[in-house]
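Colleague: Please take a close look at the salt bridges of this model, and then place their partners in the rest of the chain.

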Amino acid sequence: VHGIVTKSGGIVQARSEPDQGSEFIVVLPAFDARAQRRQKTPDDLPRGNGEHILFVDDEKFQTDMAEELLVRLGYRVTACSDSIQALEIFQSDSVDLVISDIIMPRMSGQLLAKRILGLSPGTPIILCSGYSDGVDPEELVDQGIRHYLMKPVNMATLAGAIRETLTD
């Protein structure tokens, strides 16, 4: 939460007292509808050519949103909310690109990427996270990760990273 809020220009304050509980205050900047209208629409974004993307995030709303967007951009998408299931899908299907959250239960996105690269070196992988502490983007690149994106990821950034990764 802290990473997403601060990247959005907001702040998180916490206060805790024994036997009294805890209070968290999240302050976000005001929404600017004019700036939102200036953002690229899916029709303006780099498009796919039917490439198969395996999208992995333990939050179902993230997988649902990504699947909808990526299909509209011309990709074939398999969305999955479990990293172990994602590894099974990868082993049984032809996948052109893997996009995964880093922090997930059962198996982290980094470990998922390591296992995928062990099975198929050179597989393009993009990792995403809303929490940057302990994540070294240079180390990820050394491990074979093509891109690291901080959440929240806007449509233009994601579409650009996908096209760049698939054309490398």
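**Salt bridges and their surroundings**

Modeller: A search of the whole structure finds eight salt bridges, the term being used for a side-chain nitrogen of Lys or Arg within 4 Å of a carboxyl oxygen of Asp or Glu. The model is predicted, so local features need pLDDT of at least 70 and side-chain atom pairs count only at pLDDT 80 or more, while totals for chains, interfaces and linings use all residues. Residues are numbered from 1 along each chain as its sequence is written, and side-chain values use heavy atoms, with hydrogens and water left out.

Take the pair of Arg15 and Glu23 to begin with. Their side chains meet in a salt bridge at 2.8 Å, N to O. Arg15 has a relative accessible area of 49% and is therefore partly exposed (buried is under 20%, exposed over 50%, partly exposed in between, with a 1.4 Å probe and protein chains only). Glu23 is also partly exposed, at 34%. The pair does not stand alone, since Arg15, Glu17 and Glu23 are linked in a network of salt bridges.

Another salt bridge joins the side chains of Lys60 and Asp64, at 2.9 Å from N to O. Both partners belong to helix α3, and because they are four residues apart there, about one helical turn separates them. (Helices, H or I with at least four residues, and strands, E with at least two, are DSSP runs numbered from the N terminus.) Lys60 is exposed, with a relative accessible area of 54%. Asp64 counts as partly exposed, at 36%.

The salt bridge between Lys151 and Asp101 has an N to O distance of 3.4 Å. Lys151 sits in the loop between β7 (147-150) and α7, whereas Asp101 is in strand β5, so this pair ties together parts that are 50 residues apart in sequence. Both Lys151 and Asp101 are buried.

Lys151 also leads to the largest pocket. Its lining has 30 residues, and Lys151 is among those nearest the centre, together with Phe61, Gln62, Pro152 and Val153. (A pocket is an open set of points on a 1 Å grid over the protein atoms alone, where a 1.4 Å probe fits and protein lies on both sides within 12 Å along at least five of seven lines; a lining residue has an atom within 4 Å of a point.) The elements that each supply at least two residues of this lining are α1 (2-7), α3 (60-72), β5, β6 (125-129) and α7 (155-167). The most comes from α3, which gives seven residues. Helix α3 thus appears twice in this account: it holds Lys60 and Asp64, and it contributes to the lining.

Strand β5 also deserves a few words, as Asp101 is part of it. Ser100 lies in the strand too, which covers residues 97-101. With a relative accessible area of 2%, Ser100 is buried. Leaving aside neighbours within four places in sequence, Ser100 is in contact (heavy atoms within 4.5 Å) with Val56, Gly109, Leu112, Ile126, Leu127 and Cys128.

After β5 comes the loop that runs to α5 (109-119), and Met107 has its place there. Met107 is buried, with a relative accessible area of 3%. Not counting residues up to four places away in sequence, Met107 touches Ser83, Ile84, Leu87, Leu112 and Arg115. Leu112 is therefore a contact of Ser100 and of Met107. As for Asp64 of the α3 salt bridge, its C-alpha atom is separated from that of Met107 by 20 Å, and the two residues are 43 apart along the chain.

The chain as a whole gives the background. Its secondary structure comes to seven helices and seven strands, and from the N terminus on the elements run α-β-β-α-β-α-β-α-β-α-β-α-β-α. Along its principal axes the C-alpha trace spans about 55 × 40 × 30 Å. Of the 168 residues, 37% are buried; Lys151 and Asp101 fall in that class. Among contacts with a separation of 6 or more, residues 24 or more positions apart account for 58%.
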